[in-house]
Amino acid sequence: MDPQQHAQNAAELANQAKALADNAAELANQAASVATHAAMAAGPPFIVTGLTIFVLACFVGYYVVWRVTPALHSPLMAVTNAVSSVIIVGALIATGSAISGWSMLFGFLATILAAVNIFGGFLVTQRMLAMYKKKTPAAGGNAK
């Protein structure tokens with residue numbers, strides 16, 4: 001091969017390398033565009049969604065509890081205990097799949113607080129139901 005053919009081959013290879021570099025740059029731009037669109041389509045951060053659900057649940061809970069007649073407070077307490085049992089299941093899942101120490105700590109605290117709520121709710125429900133039971137006269141006393 002003479003030097004002119006080498007130069008021609010080198011020029012051809014340089015042109016191919018330039019075309020490959022241009023294609024690589026085009027693909028990088030497309031990948032950046034796709035990544036930008038994917039990040040924008042992900043939606044709002046979880047803290048915004050979670051805080052919104054919490055505030056709405058507070059409003060709904062407030063209006064539900066204040067509109068209940070006194071005769072239905074005992075069944076309402078029973079339903080509250082059932083909801084707390086669902087919360088304790090979620091807290092156990094959060095504790096078991098702990099990604100960090102914070103999630104384990106908050107899951108543990110949620111488990112403890114939900115357990116206190118359940119047992120306290122059962123005690124209050126038992127006291128409220130005891131108010132509806134008929135009292136029997138004391139033994140040895142005169143029943144009128």
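The paragraphs below lead from the overall fold of this predicted model to one helix and then to a pair of aromatic rings.

The protein chain is built from four helices and zero strands, and its elements, read from the N terminus on, follow the order α-α-α-α. Of its 144 residues, 10% count as buried, and the chain exposes about 12000 Å², of which carbon and sulfur atoms supply 73%. Among the contacts in the chain with a separation of 6 or more, 61% are accounted for by residues 24 or more positions apart.

Helix H4, which covers residues 101-131, offers a place to look in more detail: the helix has 31 residues and reaches 45 Å from its first C-alpha to its last, a span close to the 45 Å expected at 1.5 Å a residue. Along H4, the buried positions are Gly107, Thr111, Ala114, Ala115, Ile118, Gly121, Thr125 and Met128.

Turning to the aromatic side chains, the structure holds two aromatic pairs, and one of them is formed by Tyr62 and Tyr63, whose rings lie 5.2 Å centre to centre with 80° between the planes. Because planes over 60 degrees apart count as edge-to-face, the pair of Tyr62 and Tyr63 is described as edge-to-face. As for solvent exposure, Tyr62 has a relative accessible area of 47% and is partly exposed, while Tyr63, at 45% relative accessibility, also counts as partly exposed; both assignments follow because partly exposed covers the range between the 20% limit for buried and the 50% limit for exposed.

Methods. Residues are numbered from 1 along each chain as its sequence is written. This is a predicted model: local features need pLDDT of at least 70, side-chain atom pairs count only at pLDDT 80 or more; totals for chains, interfaces and linings use all residues. Side-chain values use heavy atoms; hydrogens and water are left out. Rings of Phe, Tyr and Trp (its six-membered ring) pair if their centres lie within 6.5 Å; planes under 30 degrees apart count as stacked, over 60 as edge-to-face and the rest as tilted. Buried means under 20% relative accessible area, exposed over 50%, partly exposed in between (1.4 Å probe, protein chains only). Helices (H or I, at least four residues) and strands (E, at least two) are DSSP runs, numbered from the N terminus. The expected span of a helix is 1.5 Å times one less than its number of residues. Contact means heavy atoms within 4.5 Å. Accessible areas come from the Shrake-Rupley method with a 1.4 Å probe; for residues, only the protein chains shown count as cover.
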